[in-house]
Amino acid sequence: MAGPRECGKGEAPWKKMSKEELETQYLPSRWVLRLGAEEALRTYSQMGDDATKTARATTRSLLDVPYGDGEGDKLDIYFPKDASGALPFFTFIHGGYWQSGSKDTLAFMVDPLTAQGVAVVILAYDIAPKGTLDHMVDQVTRGIASVQRRYPCNEGIYLCGHSAGAHLAAMMLLANWTEHGVTPNLRGFFLVSGLYDLEPIVHTPLNAPLLMTPEDAQRNSPQRRLEVAPKQPVDAAYPILVIVGQHDAPEFHRQSREFYQTLLQGGWKASFEELHDVDHFEIIWKLTQKDYVLTQIILKTIFQKY
Ligand SMILES: Nc1ccccc1C(=O)C[C@H](N)C(=O)O
């Protein structure tokens, strides 16, 4: 349902919330239905850990490939079994509010995607307090540029981010690739349960390790930046899927819907999906399963090239 904010008028609903309500809205584990908050987080970690261990044991990979000189400038690449010739590269940016998570434990989708001929890149970035938002955005930009440099004949680079990772992926719509000396062959974005306007987070305890000022939040908010950006260049007509879980918090729904609408208004090829009966964590850990609706959406997007 379109709220007043989506028409560019009125006050953002979060500004009327109490401190407690705002914090609850931005704590995804409070909204899980099937499990308690802690158990949902535990399941998510366990699924990620198991999937990453299995991927490393069974899939040909290059681990800890540097994409820059920084200690944290690393990515892992997992290859399909019978890889010959050019490959599509699915690049994953993990979530965890820019302050938790690791490429070493969140490689959910390696098995079902490599089984279908897709190379999977899991990108690391320096989480807070080591990294600032600006630094993380720069790292992801350099990481993607390095995938293009290493595999110039790729069949497309597809970016997928979850939660805070969807924010970092969305920031790539604003990247200045000329500065990086290479234009990645971007062919699609999967923005899963993401955050696109960081201003509300400044007013929650989640900001303690991030130390974002309102200016940092503004500069790093794709929602704010794209609202005033020039229209999307015509040669970049790749699909951008904005995806949210049915059991994500109302603020996550609002953020996704408003970002989707801003993309449409900017002339981007955006679509919106609400995935039935999944929460903030299931939405991504279920990518361990080949029959999961999002696994199928990703494979269709890559192979039908729409
Ligand atoms: N968004 C995430 C994505 C991945 C892993 C954790 C989170 C969290 O937000 C955890 C938070 N401490 C919570 O209680 O919901």
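This report describes the annotated sites, the ligand surroundings and the nonpolar core of a predicted model.

The UniProt record, an unreviewed entry, lists Ser 163, Asp 248 and His 280 under "active site". These residues span 118 residues in sequence, yet no two of their C-alpha atoms are more than 10.5 Å apart, so they gather at one spot. Asp 248 and His 280 each sit in a loop that follows a strand and precedes a helix, as the table sets out.

| Residue | Preceding strand | Following helix | C-beta neighbours inside 10 Å |
|---|---|---|---|
| Asp 248 | strand 7 (239-245) | helix 9 (250-265) | 26 |
| His 280 | strand 8 (269-275) | helix 10 (282-285) | 26 |

Because a residue is buried when 20 or more other C-beta atoms lie within 10 Å of its own, Asp 248 counts as buried with its 26 neighbours, and His 280 counts as buried with 26. Setting aside residues up to four places away in sequence, Asp 248 touches Pro 28, Trp 31, Ser 193, His 253, Asp 279 and His 280. On the same basis, His 280 is in contact with Pro 28, Trp 31, Ser 163, Ser 193, Gly 245 and Asp 248, a list that includes the two other residues of the annotated site.

The ligand is surrounded by Leu 27, Pro 28, Ser 29, Gly 95, Gly 96, Tyr 97, Ser 100, Gly 101 and Ser 163. By class, this shell holds 3 nonpolar and 6 polar residues, with no charged residue among them. Ser 163 thus appears both in the ligand shell and in the annotated active site.

The same unreviewed UniProt entry assigns residues 75-177 to a "BD-FAE-like" domain. Over this stretch the chain is 30% helix and 19% strand, and the end C-alpha atoms lie 19 Å apart.

In soluble globular proteins, nonpolar side chains tend to be buried together. The largest nonpolar core here has 91 residues, and those with the most contacts inside it are Val 120, Val 121, Ala 169 and Leu 191. Helix 4 (residues 133-150) supplies the largest share of this core, with 7 residues. Beyond its neighbours within four places in sequence, Val 120 is in contact with Tyr 78, Phe 90, Phe 92, Met 109, Val 110, Leu 113 and Thr 114.

Helix 4 has 18 residues and reaches 26 Å from its first C-alpha to its last, close to the 26 Å expected at 1.5 Å a residue. Its buried residues, among them Leu 133, Met 136, Val 140, Ile 144 and Val 147, pack against strand 2 (74-78), strand 3 (89-93), strand 4 (119-123), strand 5 (157-162), helix 5 (164-171) and helix 7 (214-219).

Note on methods: Residues numbered from 1 in each chain as written. Predicted model: local features only at pLDDT ≥ 70, side-chain atom pairs only at ≥ 80, totals over all residues. UniProt positions renumbered as here; feature names shortened; annotations may be inferred. Helix = DSSP H or I, 4+ residues; strand = E, 2+ residues; numbered from the N terminus. Near = placed C-beta within 6 Å. Nonpolar A, V, L, I, M, F, W, Y, C, P; charged D, E, K, R; others polar. Core = buried A, V, L, I, M, F, W, Y, C linked by C-beta atoms within 7 Å. Buried ≥ 20, exposed ≤ 12 C-beta atoms within 10 Å, placed from the backbone. Contact = placed C-beta atoms within 7 Å. Expected span 1.5 Å × (residues − 1).
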